[in-house]
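Biologist: I should like to request a close look at a single part of this model. Please explain each term as it arises.

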Amino acid sequence: MSRRAWVAPAIVALLALAASVTSIGHDFTFDDRYVILFNDHVHALKDVWRLFGQTYWPKEQVCDVYRPLVTSLFTVQWAAGGGAPWVFHLVNIVLAVAAALAVY
């Protein structure tokens, strides 16, 4: 592949990165507090299989959304970073860049 063929995808990736990189250094916000920070179910890898039998929102919240893969990924991120928000933000940045490149 020629060097010129890499210019457009690189620009797309850089634009996606620029749009999302500002989240690094910030804390959990809005629903992240309930779904991740205050939700003990996503704080231990040993119980990750149980997430496939639970709703996305904790019991205190009245909502029957089912997202076991998302909550499993939250559990892995929690374990990898010890609950540090920057890990979650970094994963979101990588996913944003990957999605932008996939659409391109």
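Which residues does tryptophan 57 touch, not counting residues up to four places away in sequence?

Modeller: Some conventions come beforehand: this is a predicted model, in which local features need pLDDT of at least 70 and side-chain atom pairs count only at pLDDT 80 or more, while totals for chains, interfaces and linings use all residues. Residues are numbered from 1 along each chain as its sequence is written, and side-chain values use heavy atoms, with hydrogens and water left out.

Tryptophan 57 touches Asp31, Tyr34, Val35, Cys63 and Val65, leaving out residues up to four places away in sequence; contact means heavy atoms within 4.5 Å. Trp57 also belongs to the largest nonpolar core, whose 10 residues are Phe28, Val35, Ile36, Val42, Leu51, Tyr56, Trp57, Phe74, Trp78 and Phe88. A nonpolar core is a set of buried Ala, Val, Leu, Ile, Met, Phe, Trp, Tyr and Cys residues joined through side-chain atoms within 4.5 Å. Buried means under 20% relative accessible area, exposed over 50%, and partly exposed in between, with a 1.4 Å probe and protein chains only. At least two residues of this core come from each of α2 (31-37) and α3 (68-81); helices are DSSP runs (H or I, at least four residues), numbered from the N terminus.

Another member of the core, valine 42, is placed in the loop between α2 and α3. Because its relative accessibility is 0%, valine 42 counts as buried. Beyond its neighbours within four places in sequence, valine 42 is in contact with Val35, Ile36, Leu51, Thr71, Phe74, Thr75 and Trp78.

Aromatic rings deserve a separate word. Rings of Phe, Tyr and Trp (its six-membered ring) pair if their centres lie within 6.5 Å; planes under 30 degrees apart count as stacked, over 60 as edge-to-face and the rest as tilted. By this rule there are 5 aromatic pairs. Tyrosine 34 and phenylalanine 38 have ring centres 5.9 Å apart and planes at 75°, so this pair is edge-to-face. Tyrosine 34, a contact of Trp57, is partly exposed because its relative accessibility is 41%, whereas phenylalanine 38 is exposed at 52%. Phe28, Phe74, Trp78 and Phe88 form one aromatic cluster, and these four names also appear in the core.

Finally, the core residue Tyr56 has the charged end of arginine 67 over its ring, 4.6 Å from the centre. A charge sits over a ring if NZ of Lys or CZ of Arg is within 6 Å of the ring centre and within 35 degrees of the ring normal.
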